[in-house]
Amino acid sequence: MAKNVGLIQFEGSIGDLVAYHRNGSLIIQRKGGFNGKRLKTEERYESVRKRQSEFGKCAKLSSGIKRAFAWWLQWVPENMIYNHIQSVVMGVKNCDVLSEKGTKTFEKGIATGAGTSLFRKFQLNPKRSLSAGTIINAPFNFETGTVSVTPHNYKLKATMCLGVELLLLQIDLNTYDYQIIRGGMHYCDTLHQTIDLEVVVPQGKVFMAAFLFVGKCSKEGKSYTWMRDAEVGFGVVDFKLG
């Protein structure tokens with residue numbers, strides 16, 4: 001692949017060459033591109049196949065997380081949210097430093113100290129940490145399914161309120177089947193309120209992660225209109241492997 005900087009420029013194909021514009025530059029390359037069959041069969045591409053295997057598993061998990069939280073994520077002002085989720089999942093997977101290339105997984109990575117630390121910091125609004133606006137008074141308890149929180153740093157107008165909800169994400173890390181268990185939205189008109197939240201924790205040995213969502217909405221009577229806002233807090237409060 002090369003950039004055309006000469007006097008003779010063209011778009012389309014001439015012989016075995018094809019030219020096209022990308023990001024303001026004229027790119028020229030040979031027709032056909034990479035041979036996928038060679039990638040799948042030739043020994044010299046074994047390391048590439050291993051990286052693709054790891055990437056594919058992380059992509060399935062990332063897609064599951066994005067689909068599971070689709071309703072709540074629409075209020076997060078981030079257009080590349082899948083890329084953000086994928087970078088966190090891949091980062092956790094890479095914390096598995098003992099497995100051979102091609103066999104590293106998110107499950108092995110999160111079982112390490114580094115992976116645990118990284119996932120506990122997972123924010124679904126990458127531009128604002130949950131802790132920037134909400135105090136966790138008592139950590140999430142998997143035995144009781146409860147957590148105590150206090151929102152304290154949000155800019156609310158007179159007609160606005162916060163919606164606070166505890167969500168439990170359950171994912172089978174073998175099949176990537178997922179389920180969201182909701183604790184129910186709690187609305188508060190003022191800050192500095194202590195809110196006790198609860199969710200039903202199911203039985204079973206699968207990966208579970210508790211997330212706290214704190215979003216803004218305008219209120220008119222009993223009607224709430226949700227807002228896409230930079231101050232949305234959405235992050236992990238605890239998890240367990242199963």
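**Exercise 1. Find how many bridges join strand E7 to strand E9, and name the partner of Gly 163 there.**

Step 1. Strand E9 covers residues 186-188, and 3 bridges join E7 to E9 in an antiparallel run. Strands here are DSSP runs of at least two residues, numbered from the N terminus, and two strands pair if DSSP finds at least two bridges between them.

Step 2. Within E9, Gly 163 has Tyr 187 as its bridge partner.

A word on the model: it is predicted, so local features need pLDDT of at least 70 and side-chain atom pairs pLDDT 80 or more, while totals for chains, interfaces and linings use all residues. Residues are numbered from 1 along each chain as its sequence is written, and side-chain values use heavy atoms, leaving out hydrogens and water.

**Exercise 2. Work out which strand pairs with E7 over 12 bridges, and what stands opposite Gly 163 in that strand.**

Step 1. The strand is E11 (residues 207-220), antiparallel to E7.

Step 2. Opposite Gly 163 in E11 stands Gly 215.

**Exercise 3. Describe the hairpin of E7 and E8.**

Step 1. E8 (residues 178-182) runs antiparallel to E7, joined by 5 bridges; Leu 169 faces Ile 180 there.

Step 2. Between the two strands lie 6 residues, and Tyr 176 in the turn has a positive phi of about 65°.

**Exercise 4. Decide whether E7 is mostly covered or exposed.**

Step 1. Take buried as under 20% relative accessible area, exposed as over 50% and partly exposed as in between (1.4 Å probe, protein chains only).

Step 2. For E7 (residues 160-171), 12 of 12 residues are buried, so the strand is mostly covered.

Conventions
Helix = DSSP H or I, 4+ residues; strand = E, 2+ residues; numbered from the N terminus.
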